[in-house]
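Visitor: I should like a close look at one part of this model, namely its second largest pocket. Which residues line the second largest pocket, and which elements give two or more residues to that lining?

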Amino acid sequence: MTNIDPAFLRPLLKTRPDDSHKGQYGHLLLVSGCQTMPGAAVLATGAALHSGCGLVTLHSTAYAVQATVDSCPSAMFSLDPGTCFSRIPEGLMRFGAIAVGPGLGLAEATAKAFGKLLARAQEEDIPMVLDADALGLLSQNPKLQDEIPAGSVMTPHEGELMRLISWDSPEAREEAIFALCRRTGCVLVSKGFHTRIYTPSGERFVNTTGNAGMAKGGSGDVLTGLLGGLIARGYNAIEAAALAVWIHGYAGDALTERCTAEAYSSRDLVDALYLGFKALEQ
């Protein structure tokens, strides 16, 4: 098992040439939030804007879009006409990555739109980050797992993982995870204490940052936005997953030292992500 630490991550970092422009750093599509869960869209979009990618577009409902406009003015927006995710945005081929799931809900219209999004993303060869309710929809309809594009990442916490696979021992758990990775072609980020990354080729990585102060609603939404932005930026699934979990955890460690584990929120994580990047670049 490989430790995810600065020595492992620093050689992966991409540069930003002085004469570059935003179009060279990728465009992320976020499909997140609904009328009753707009905060997930706010957190994921905010994190994506701190990932280094050039452009971020949020596709969501009117209420979630309005909530995000106020806190993320540099994002772009695609309005879904329903009260939940019900229609995929036009011009999908312009995006370098798609992150989907936080605050999405499990409505019937959402399930149908999600299936169409998977099929189109696979057709256009656009890697995806699949989190939260996207994982719930994949659990409800396992046939959709065949539609996941190559180079994608799933980011389940333990409860979501238990709905995707079953096991009766720690050894069987890892075997089932690797089987899921091979079947879908996905890298899997098993979120929790010492978050682990599993790959279709059988590699395992363990994160060395993070703490119990991050066990709060919205932390996973931040990770999804950051990870999606890194893939759009040009990192492959393994590189992006490793960078995202370490930087995310480093931000949590910095906030725990500054504020105590009790007294910061997932919104604070967004504003602290730069600390992880800075630590790697020093």
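Guide: In this predicted model, the second largest pocket holds about 170 Å³ of space. Its lining is made up of Leu13, Lys14, Thr15, Arg16, Ser51, Gly52, Leu230, Arg233, Tyr235, Phe277 and Glu281. Two elements each give two or more residues to this lining, namely α8 and α10 (266-281). By class, the second largest pocket is lined by four nonpolar, three polar and four charged residues.

Helix α8 (219-233) also belongs to the surroundings of the largest pocket, which encloses about 540 Å³ of space. That pocket is lined by 26 residues, and the closest to its centre are Lys191, Gly192, Met214, Ser219 and His248. Here the elements giving two or more residues are α8 and α9 (237-259), and α8 gives the most, with four residues. The lining of the largest pocket comprises seven nonpolar, 14 polar and five charged residues.

Both α8 and α10 are, in addition, packing partners of helix α2. Of the 11 residues of α2 (residues 38-48), 10 are buried, so this helix is largely enclosed by the rest of the structure. The buried residues of α2 are Pro38, Ala40, Ala41, Val42, Leu43, Ala44, Thr45, Gly46, Ala47 and Ala48. Besides α8 and α10, these buried residues pack against β2 (27-31), β3 (55-60) and α3 (62-71). Helix α8 thus recurs in this account: it contributes to the lining of the second largest pocket, contributes to that of the largest pocket, and packs against the buried residues of α2.

Technical notes: Residues numbered from 1 in each chain as written. Predicted model: local features only at pLDDT ≥ 70, side-chain atom pairs only at ≥ 80, totals over all residues. Heavy atoms only, no water. 1 Å grid on protein atoms, 1.4 Å probe; cavity = no way out; pocket = protein on both sides within 12 Å on 5 of 7 lines; lining within 4 Å. Points joined across faces, edges and corners; volume = space filled by probe spheres on them. Nonpolar A, V, L, I, M, F, W, Y, C, P; charged D, E, K, R; others polar. Buried < 20%, exposed > 50% of the residue type's maximum accessible area, 1.4 Å probe, protein only. Contact = heavy atoms within 4.5 Å.
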